[in-house]
Amino acid sequence: MKWGGMLVDSLAQLLERDEREAVLGDMAETGESTRQAVWNVCGLLLRRQGAHWNSWRPWIAAFGIAFPFSFPLMGFSVSLGLMSLQVVDPATRQMTNLDVSLLLSKFLLLTAWSWTGGFVMGSVSRRTLWVSALLSLLPCCFCLARFRIEDLSRFCLLLFLLPAIQGVHQGLRMIRLTLGSAMLLAWATILLTVLLWIRTGPSILNLALSWPAWYLVATASTKRRTRGQYGA
Amino acid sequence: MLGEFEYLLITAAAGLGDEGYGAAIRQEIETVTGRKCSIGALYTTIDRLETKGFLKTWMGDATPQRGGRAKRMVRVTPQGIRAARDFYETVARASRGASWAAHHWSQL
């Protein structure tokens with residue numbers, strides 16, 4: 001197969017199966033040139049992607065969670081990494097008198113914020129998920145390139161990614177949580193936030209990171225589990 | 001009310017009857033208008049019209065001249081026919097007295 005044909009086929013992979021069949025078949029039937037075929041497939045892809053953005057959902061996922069959450073979650077990840085370095089004294093190799101409960105609550109909070117953010121991202125806008133993922137990864141790359149803390153691996157910045165990816169995965173599968181699970185998650189997040197405030201002082205940013213948990217409560221299913229529905 | 005391209009698409013699909021599918025409709029629109037019709041415009045409009053209930057589509061058989069790929073068959077629904085008729089009547093009413101339509105009306 002020629003390069004042009006391979007390019008058209010590769011681009012067409014981004015279309016849904018039936019549409020890909022119809023479009024490639026139509027172009028084969030009318031004998032489109034490679035240039036026209038690339039132009040046509042790209043045009044259709046752009047129109048399809050553009051149509052998704054008529055809804056509020058991709059905007060919320062991309063600019064309400066993915067991009068703005070990346071910076072504070074990276075900051076929180078680094079803070080957690082720095083704190084974990086203080087658990088053991090490197091000189092004596094013994095446990096220091098660090099408040100382990102604070103470390104644990106920070107870890108749980110980071111997990112909860114990342115997971116709920118990822119879940120909402122995955123559930124509200126699966127078809128534009130690649131844009132949200134890109135908007136989340138761009139700040140990560142920016143910060144990774146500028147990371148300058150001795151004794152701490154730069155990959156500590158990405159501690160939040162694992163629960164976030166798990167959240168996205170669950171969000172794609174389940175769309176919404178049951179009311180009980182969502183309430184439990186939201187109240188646990190608030191409780192952990194308040195505990196953190198008591199020790200380190202209040203921060204409105206911490207509260208802002210909790211909104212996906214409350215969104216999950218607002219959209220929770222009263223049925224046991226909802227599967228197989230599609231977001232925008 | 002339908003848009004211009006939506007009307008052209010419904011008219012082409014209605015004219016093709018049971019033989020209506022993507023490439024044939026595209027060809028018909030290009031012949032009638034003398035303009036290129038992009039596949040993107042065609043398929044996004046087909047989807048929009050199907051959502052409105054004006055078209056019904058389904059995957060047809062694969063043929064050798066299409067590289068063994070299936071056709072997306074298109075049929076105009078009764079609602080689609082009504083919408084096209086409304087569009088046509090509106091344009092015809094609006095065009096009465098227009099200088100460019102005078103020749104046409106004098107022939108009717």
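A:Glu21 is partly exposed, with a relative accessible area of 25%. That value comes from a predicted model, as does everything else I will go through. The partner of A:Glu21 is B:Arg69, and their side chains form a salt bridge with N and O 3.2 Å apart. This pair crosses between chains: A:Glu21 belongs to helix α2 of chain A, residues 17-30, and B:Arg69 to strand β2 of chain B, residues 69-76. B:Arg69 is also partly exposed, at 24% relative accessibility.

Next pair. B:Arg66 and A:Asp26 meet in a salt bridge, at 2.7 Å from N to O. Here too the two residues sit on separate chains, with B:Arg66 in the loop between β1 (55-63) and β2 of chain B, and A:Asp26 in helix α2 of chain A. Are these two residues buried or exposed? B:Arg66 has 0% relative accessibility, and because the cut-off for buried is under 20%, B:Arg66 counts as buried. A:Asp26 has a relative accessible area of 2% and is buried as well.

Third pair. B:Asp47 forms a salt bridge with A:Arg48, and the closest N and O atoms are 2.5 Å apart. The link runs from helix α3 of chain B, residues 39-51, where B:Asp47 lies, to helix α3 of chain A, residues 34-52, which holds A:Arg48. B:Asp47 is partly exposed at 23%, whereas A:Arg48 is buried at 17%.

A:Arg48 and B:Asp47 belong to a network of salt bridges. The other members of that network are A:Glu19, B:Glu50 and B:Arg72.

One more pair to put on the list: A:Glu32 and B:Arg26 form a salt bridge, with the closest N and O atoms 2.8 Å apart. How many salt bridges does the rule find across the interface of chain A and chain B? It finds five. Over all chains, the structure holds 14.

Now the interface as a whole. On one side, 19 residues of chain A are in contact with 21 residues of chain B. The area buried between the two chains is about 1,700 Å², and carbon and sulfur atoms give 51% of it. Which residues of chain A lose the most area to chain B? They are A:Glu21, A:Asp26 and A:Glu29, which together account for 31% of what that side buries. You have already met A:Glu21 in its salt bridge with B:Arg69, and A:Asp26 in its salt bridge with B:Arg66.

As for polar contacts, the count between chain A and chain B is 12 residue pairs, both residues at pLDDT 80 or more. On the side of chain A that touches chain B, α2 and α3 of chain A each supply at least two residues. Helix α2 of chain A gives the most to that side, with 12 residues.

Staying in α2 of chain A, take A:Met27, which lies in that helix. Its relative accessibility is 5%, so A:Met27 counts as buried, the limit being under 20%. What does A:Met27 touch, leaving out residues up to four places away in sequence? Within chain A, the contacts are A:Val8, A:Glu32, A:Ala37, A:Asn40 and A:Val41. From chain B there is B:Ile39. A:Glu32, in that list, is the residue that bridges to B:Arg26.

For a sense of distance within chain A, A:Met27 and A:Ile190 are 163 residues apart in sequence and 56 Å apart in space, C-alpha to C-alpha. A second pair is A:Gly4 and A:Val124, at 120 residues in sequence and 36 Å in space, again C-alpha to C-alpha. A:Gly4 lies in helix α1 of chain A, residues 3-12. A:Gly4 is buried, with a relative accessible area of 18%.

Last item: the surface of chain A. Where is there a nonpolar patch? A:Trp59, A:Phe63, A:Phe67, A:Phe71 and A:Phe142 form one, with about 520 Å² of accessible area together. Helix α4 of chain A, residues 56-85, gives the most to the patch, with four residues. A:Phe142 is found in helix α6 of chain A, residues 129-145. A:Phe142 is partly exposed, with a relative accessible area of 44%.

To go back over the interface: five salt bridges cross between chain A and chain B, 12 residue pairs are in polar contact, and α2 of chain A gives the most to its side. That is all I have.

How values were computed:
Residues numbered from 1 in each chain as written. Chains lettered and ligands numbered in written order. Predicted model: local features only at pLDDT ≥ 70, side-chain atom pairs only at ≥ 80, totals over all residues. Heavy atoms only, no water. Salt bridge = Lys/Arg side-chain N within 4 Å of Asp/Glu carboxyl O. Buried < 20%, exposed > 50% of the residue type's maximum accessible area, 1.4 Å probe, protein only. Patch = residues over 30% accessible without salt bridge, like charges linked within 9 Å, V, L, I, M, F, W, Y side chains within 5 Å. Areas by Shrake-Rupley, 256 points an atom, 1.4 Å probe, with all protein chains shown as cover. Contact = heavy atoms within 4.5 Å. Buried area = accessible area lost by both parts, 1.4 Å probe. Polar contact = N/O pair within 3.5 Å; in protein donor to acceptor, adjacent residues only side chain to side chain.
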